[in-house]
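Trainee: Got a minute to go through this one with me? I'd like to quiz you on how it's put together.

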Amino acid sequence: MDPCMNLNMRKANRVLNSIYDRHLQSCGLKGGQFSMLKIISSRKKTTNSELQDVMLIDQTTLSRNLKPLIRDGYIEVTQGEDLRMKILSLSSEGEELYLRANKCWQNAQKEVKKRLGAESAEQVIEISRLVASLKT
């Protein structure tokens, strides 16, 4: 029987998510929320649409993950020139949370690299990039 790439990628993703979520738990974040903070921090300001494009997620998933970060004051939302556009940036509390969570994320990275081995970890990144490039 031909192995299903989709099933295997989904299983691998669940394992990776559980490792990163475990490390980020002390900061009260999930991996997807940390990724949002990381992207917003690196860009300083971004829009919902840009965040969706970078993360390759739909609006519903984006909103579900953003809502608690906005509610808790970690992400500030301002109106763009176009009334439909919202500009996202980290508040000072959001920057502090990101810096704290980044240490947890680095520990998760170290764990995964150690358990996989450096070469396999690099292969995972490369294969993930290749798969993500299939987006239509």
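**Sheet, pocket and salt bridge**

Mentor: Let's start with the sheet: 3 strands make an open one, paired in the antiparallel sense in the order β1-β3-β2. Bear in mind that this is a predicted model.

Trainee: Which are the edge strands?

Mentor: Look for strands that pair on one side only. In the order β1-β3-β2, β3 sits between the other two. That leaves the edges to β1 (46-47) and β2.

Trainee: And how many residues lie between β2 and β3 in their hairpin?

Mentor: Strand β2 covers residues 75-79 and strand β3 covers residues 86-90, and their antiparallel pairing runs over 5 bridges. One of the pairs puts E76 opposite S89 in β3. Another has Q79 with K86 as its bridge partner. The stretch between the two strands of the hairpin comes to 6 residues.

Trainee: What's the pattern of helices and strands along the sequence?

Mentor: Count the pieces to begin with: the chain has 6 helices and 3 strands. Now read along the sequence and you get α-α-β-α-α-β-β-α-α.

Trainee: At about what angle does α2 run to β3?

Mentor: Helix α2 lies across β1, β2 and β3. Those are the strands of the open sheet. Relative to β3, the helix runs at about 95 degrees.

Trainee: On to the largest pocket. Which element gives the most to its lining?

Mentor: The space in the largest pocket is about 2,000 Å³, and 45 residues line it, with N13, L16, N17, S35 and S128 nearest its centre. The elements giving two or more residues to that lining are α1 (5-24), α2 (31-43), α3 (48-55), α4 (59-71), α5 (92-116) and α6 (118-132). With 13 residues, the top contributor is α1.

Trainee: How many of the lining residues are nonpolar?

Mentor: Split the lining of the largest pocket by residue class. You'll find 10 polar residues and 11 charged ones. The nonpolar residues number 24.

Trainee: Last one: how far apart along the chain are E111 and R22?

Mentor: Side chains carrying opposite charges can pair up when their charged atoms get close. The structure has 3 salt bridges, and one of them joins E111 to R22, with the closest N and O atoms 2.8 Å apart. E111 belongs to helix α5 and R22 to helix α1, so the pair links distant parts of the chain by the DSSP helix numbering. Along the chain, the separation is 89 residues.

Conventions. Residues are numbered from 1 along each chain as its sequence is written. This is a predicted model: local features need pLDDT of at least 70, side-chain atom pairs count only at pLDDT 80 or more; totals for chains, interfaces and linings use all residues. Side-chain values use heavy atoms; hydrogens and water are left out. Two strands pair if DSSP finds at least two bridges between them. Helices (H or I, at least four residues) and strands (E, at least two) are DSSP runs, numbered from the N terminus. On a 1 Å grid over the protein atoms alone, a cavity is a set of points where a 1.4 Å probe fits but cannot get out, and a pocket is an open set with protein on both sides within 12 Å along at least five of seven lines; lining residues have an atom within 4 Å of a point. Grid points are joined across faces, edges and corners, and a volume is the space filled by probe spheres set on the points. Ala, Val, Leu, Ile, Met, Phe, Trp, Tyr, Cys and Pro count as nonpolar, Asp, Glu, Lys and Arg as charged, and the others, Gly among them, as polar. Contact means heavy atoms within 4.5 Å. Axes are lines fitted to C-alpha atoms, for helices over the stretch in contact, and angles run from 0 to 180 degrees between N-to-C directions. A salt bridge is a side-chain nitrogen of Lys or Arg within 4 Å of a carboxyl oxygen of Asp or Glu.
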